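Trainee: Could you take me through one part of this model in some detail? I'd like a close look at a single side chain first, and then how the surroundings fit in.

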Amino acid sequence: MDLCKYRETDRPDRFGRFSLGLGLAGLAATLVTPAIAAAADPPRRPNIVIILGDDLGFADMGSFGGESNTPNLDSLAKEGVRFTNFYTHASCSPTRSMLLSGVDTHLNGLGNMNEWIAPNQRGAVGYEGYLNKNVVTLPQLMKDAGYHTYMVGKWHMGKQPDQIPRARGFERDFSLLDGGGSYWDMTNLSAAAPQSVFTEDGRYLTKLPEDYYATKTYTDKLISFIDANRGDGKPFFAYVAHQ
């Protein structure tokens, strides 16, 4: 299904929300828009960075009226574009699934968090517990449009090879597949699965960088992805999902 066409013809207000209507409840989005070139040259497309803050409230940032001092995020909001029409779900991975698919959780497979699937939900359509194949993802759309697509941080929408970020449209990634974990090593929060699962560029990792610290490593990895393709003329879409 052509998701772009569907959104524009059937629900003209939704595609904008799907793609970048992300500026509330733990989310800051900035579009780095270059100056319009001369009339003879086609306009350059913007680079797009979405920063997802886990368990961050709408008013936790200064740019949205919060009392906390958040100058760097405020600067991104001031220089970029703020969107205020994205609705979070009651829990983590369902919200991420809406953000990256633009559709309701019961259509994209995350009607509930996989960890919280109830007996009557298990095996039911819409409760697969991972981002299903019935939806087109935002990075897939961006990649088809000629963008580089990068992801760093927490995924929490499936661990199997056909469910990981590389399989859902991200060209480069450094991702924690679990719902949470240590900032210093591969220790998971759940005794049922004591070691967290990570991927890098679609490969499952057996160890982390020696100087690993989640926030710093995610940031450094993203910068390296951007630098590796700098100057090739292609814009980039980056999804930065901190733990």
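Mentor: Sure, let's start with N112: its side chain makes a polar contact with the side chain of Q121, at 3.1 Å. Keep in mind that this is a predicted model. N112 sits in the loop between α5 (105-108) and α6 (138-144). It counts as buried because its relative accessibility is 14%, and the cut-off for buried is under 20%. If you skip the neighbours within four places in sequence, N112 touches P94, I117, A118, Q121 and Y127. So Q121 turns up twice, as the polar partner and in the contact list, because contact here means heavy atoms within 4.5 Å.

Now compare a second polar side chain, H156. You'll find H156 in the loop between β3 and β4. With a relative accessibility of 8%, H156 is buried too. Its side chain is joined to that of E115 by a polar contact of 2.9 Å. Leaving out neighbours within four places in sequence, H156 is in contact with C92, S93, R96, M113, E115, L176, L177, D178 and G179. E115, then, is both a polar partner of H156 and one of the residues on its contact list.

On to the rings. The count of aromatic pairs comes to 11. One of them is F170 with F237, a stacked pair with 6.4 Å centre to centre and 20° between the planes. That pair links distant parts of the chain: F170 is in the loop between β3 (148-154) and β4 (172-176), F237 is in strand β7 (residues 236-242), and the two are 67 residues apart. F170 counts as buried, at 0% relative accessibility, and F237 is buried as well, with a relative accessible area of 1%.

For a contrast, look at Y183 and Y213. Their ring centres are 5.7 Å apart and the planes are at 40°, so this pair is tilted. It also links distant parts of the chain, with Y183 in the loop between β4 and β5 (198-200), Y213 in the loop between β6 (203-204) and α7 (214-228), and their positions 30 residues apart. These two tyrosines are partly exposed: Y183 has a relative accessible area of 25%, and Y213 has 31%.

Back to the phenylalanines for a moment. F170 and F237 also belong to a cluster, in which ring pairs link them with W155 and Y239. There's a charge over a ring to look at as well: R82 lies over the face of F64, 5.8 Å from the ring centre.

Finally, zoom out to the whole protein. The secondary structure comes to seven helices and seven strands, and along the sequence they follow the pattern α-α-β-β-α-α-α-α-β-β-β-β-α-β. Of the 243 residues, 47% are buried, and N112 and H156 both count as buried. Among contacts with a separation of 6 or more, 57% are between residues 24 or more positions apart. The accessible surface is about 12500 Å², and carbon and sulfur atoms account for 53% of it.

Key. Residues are numbered from 1 along each chain as its sequence is written. This is a predicted model: local features need pLDDT of at least 70, side-chain atom pairs count only at pLDDT 80 or more; totals for chains, interfaces and linings use all residues. Side-chain values use heavy atoms; hydrogens and water are left out. Helices (H or I, at least four residues) and strands (E, at least two) are DSSP runs, numbered from the N terminus. Buried means under 20% relative accessible area, exposed over 50%, partly exposed in between (1.4 Å probe, protein chains only). A polar contact is a pair of N or O atoms within 3.5 Å; within protein, one must be able to donate a hydrogen and the other to accept it, and residues adjacent in sequence count only if both atoms are side-chain atoms. Accessible areas come from the Shrake-Rupley method with a 1.4 Å probe; for residues, only the protein chains shown count as cover. Rings of Phe, Tyr and Trp (its six-membered ring) pair if their centres lie within 6.5 Å; planes under 30 degrees apart count as stacked, over 60 as edge-to-face and the rest as tilted. A charge sits over a ring if NZ of Lys or CZ of Arg is within 6 Å of the ring centre and within 35 degrees of the ring normal.
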